[in-house]
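Visitor: I am new to this structure. Please pick a single part and take a close look at it. Then show me what lies around it.

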Amino acid sequence: MLETLKKEDEVRQMEYLTAGESHGPMLTGIVSGLPANLPISIAAINHQLAIRQNGYGRGGRMKIEHDTVSITAGMRAGLTTGSPLALLIQNRDYRHWEEIMGATATNPKQEKVVTRPRPGHADLVGGKKYDQADLRNILERASARSTAMIVAIGNVAAQLLAQLNIHALGFVTGIGGHQLTDWPAESISDLTEKVEQNDLRLPDPGQLTAYHTVVDAARAAHTTIGGQIDVRVEGLVPGLGSMQNWAQRLDGKLAGALVRIPAIKAVSFGDGVTLGEMSGAIAQDDITWTPTQGYGRSTNHLGGLEGGMTNGQPLLIHATMKPIPTQPRGLPTIDIHTHTPTQAVNERADVTAVPAASLVAQAMVQITLAQEILDEFSSATLADLQASYQDFGTRQWDRRNS
Ligand SMILES: Cc1cc2nc3c(=O)[nH]c(=O)nc-3n(C[C@H](O)[C@H](O)[C@H](O)COP(=O)(O)O)c2cc1C
Ligand SMILES: C=C(O[C@@H]1CC(C(=O)O)=C[C@@H](OP(=O)(O)O)[C@H]1O)C(=O)O
């Protein structure tokens, strides 16, 4: 029994892996378990990669990189073959780091050895765990540089989901303690138009100036800020996920996927933390039925999930990003070689990266939903998947006395 549960939780039809250091030569991604005959647009992936690099408040690194993906396995003539898909993204910054980061380099530049761990980053505990005297061997992999590959893989998942008419959008709803918008009630197609018109991914472009002011104030105060992100998903059939075993609950898988993003510290669904303040009769979503639409809901307080399953309403997910940990004026720390109190290393850093993180959150939701769907339905080919998914969605199950 325990073995079965472990397998359900850990072995998935679609698996993905990334490799690559922030200042190494490239990022590598492998995605296995995709159906054969899925059209993949590399231009669409590159479009998302370019958007991820945007956002007021990012540091100097984004001026160096021009992220584009190469697909080196698993695809021929624009279609997946069913074999593992391999993706590569070059790090342009590597040319400045080759002597330090090359696989055979001996790190001659002593000033790039990191001995002053940053509070809020992986430096200290990673150094202890992996027995590294140079904390660069930790921060290079902990860096959110890997989110570029996650966005590429997320877009592969998005292209799969689009074949089933499922669409997701991540956007920014707050910055540095300033709420910029409430849950927008619009559909994804209306929201996408607004969110993609500005490089801050704001559903209300009227808030651009407010956003800039908050970031400018943080920069002037020599500090960093976090913010609020929402992800909305439309088009999911009811019944993805399961209440049978806790390991199968989709709410848990989605929350786990989102908090894996570096610096994401809270996740909630629907009305989220405010549900705790509502009366029970208000907080649930009344069930309706019409001959043309079938079952529906009059509200969506619960964000489209009941019993760990999708209920056919849009998924509404909220995530909070903490302020960027690297501080221009390094925080109090201890030098690991001398044990003396000092200031943490000041690596080049972003003042904020909430717009980029909103796209990463979108990608993690898309990956998690693609994994769930590929686990649940027959998927050797795209046609198999479309047929079994549609069959499940339209299946008549309730017994009426008419
Ligand atoms: C898109 C993005 C960009 C980030 N940029 C930076 C940065 O420039 N400097 C930094 O110290 N942390 C940055 N972070 C956050 C760190 O990677 C993260 O705080 C660190 O890996 C520790 O993980 P934790 O905060 O989840 O504990 C960024 C995160 C994301 C998602
Ligand atoms: C490289 C990216 O983000 C990086 C994430 C990051 C961190 O510590 O997480 C630190 C910074 O790296 P660098 O010191 O090279 O400027 C960010 O730029 C990226 O988003 O592509």
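**A close look at Met14 and its surroundings**

Guide: Start at Met14. This residue lies in the loop between α1 (2-10) and β1 (15-19). Keep in mind that the model is predicted.

Is Met14 buried or exposed? Met14 is buried, because 22 other C-beta atoms lie within 10 Å, and a residue counts as buried at 20 or more. Which residues does Met14 touch, once its neighbours within four places in sequence are left aside? One group is Val31, Ser32, Gly33 and Leu34. The contacts also include Ala370, Gln371 and Leu374. Those three numbers fall within helix α12, which covers residues 354-376. Glu372 makes the reach along the chain plain. It stands 358 residues from Met14 in the chain, yet the two C-alpha atoms are separated by 8.6 Å.

Now step from the loop into β1. This strand pairs with β2 (residues 26-32) in the antiparallel sense, over five bridges. Two of the partnerships can be named. Glu15 has Ser32 as its bridge partner in β2. Tyr16 is matched with Val31. Val31 and Ser32 are also among the contacts of Met14.

β1 and β2 form a hairpin, with six residues between them. Look at Gly20 in the turn. Its phi is positive, about 135°.

β2 has two faces. Leu27, Gly29 and Val31 make up the covered one. Met26, Thr28, Ile30 and Ser32 make up the uncovered one. So what lies beyond β2? Six bridges join β2 to strand β6 (residues 85-90), and the two run antiparallel. Val31 appears here again, with Leu85 as its bridge partner in β6.

Put these strands together and a sheet appears. Four strands form an open sheet in the order β1-β2-β6-β3, with antiparallel pairing. β1 and β3 (69-73) are the edge strands, and each pairs on one side only. From one strand to the next, the twist averages 20°. Strands of a sheet pair through backbone hydrogen bonds, either parallel or antiparallel.

Go back to α12, on the other side of the Met14 contacts. Helix α12 also serves ligand 1. It gives the most to the shell around that ligand, with three residues. How many residues surround ligand 1? There are 21, and Ala144, Pro262, Thr326, Ala349 and Ala353 come nearest. By class, this shell divides into 13 nonpolar, six polar and two charged residues.

Ala144 leads on to ligand 2. It is one of the closest residues there too, along with Arg61, Ser143, Arg145 and Arg348. The shell around ligand 2 holds 14 residues. Its classes are four nonpolar, four polar and six charged.

Helix α7 (residues 147-162) comes soon after Arg145 in the numbering. It has 16 residues and reaches 22 Å from its first C-alpha to its last, close to the 22 Å expected at 1.5 Å a residue. Of those 16 residues, 14 are buried, so α7 is largely enclosed by the rest of the structure.

There is another sheet to see. This open sheet has five strands, in the order β8-β7-β9-β15-β10, with antiparallel pairing. β8 (178-179) and β10 (264-269) stand at its edges, each with a single partner strand, so one side of each has no neighbour in the sheet. Inside the sheet, eight bridges join β7 (residues 167-175) to β9 (residues 227-234). One pairing puts Gly174 opposite Gln228 in β9.

Helices lie across this sheet. Helix α8 (residues 188-195) crosses β7 and β9, at about 55° to β7. Helix α10 (residues 250-259) lies across β10 and β15 (315-321), at about 155° to β10.

End with a contrast to Met14. Ser189, found in helix α8, counts as exposed, because it has 10 C-beta neighbours inside 10 Å. Its C-alpha atom is separated by 52 Å from that of Ile336, 147 residues away along the chain. Met14, by comparison, is buried.

Conventions:
Residues are numbered from 1 along each chain as its sequence is written. Chains are lettered from A and ligands numbered from 1 in the order in which they are written. This is a predicted model: local features need pLDDT of at least 70, side-chain atom pairs count only at pLDDT 80 or more; totals for chains, interfaces and linings use all residues. A residue is near a molecule or strand if its C-beta atom, placed from the backbone, lies within 6 Å of it. Ala, Val, Leu, Ile, Met, Phe, Trp, Tyr, Cys and Pro count as nonpolar, Asp, Glu, Lys and Arg as charged, and the others, Gly among them, as polar. Two strands pair if DSSP finds at least two bridges between them. Two residues are in contact if their C-beta atoms, placed from the backbone, lie within 7 Å. Axes are lines fitted to C-alpha atoms, for helices over the stretch in contact, and angles run from 0 to 180 degrees between N-to-C directions. A residue is buried if 20 or more other C-beta atoms lie within 10 Å of its own, exposed if 12 or fewer, and partly exposed in between; C-beta atoms are placed from the backbone. The expected span of a helix is 1.5 Å times one less than its number of residues.
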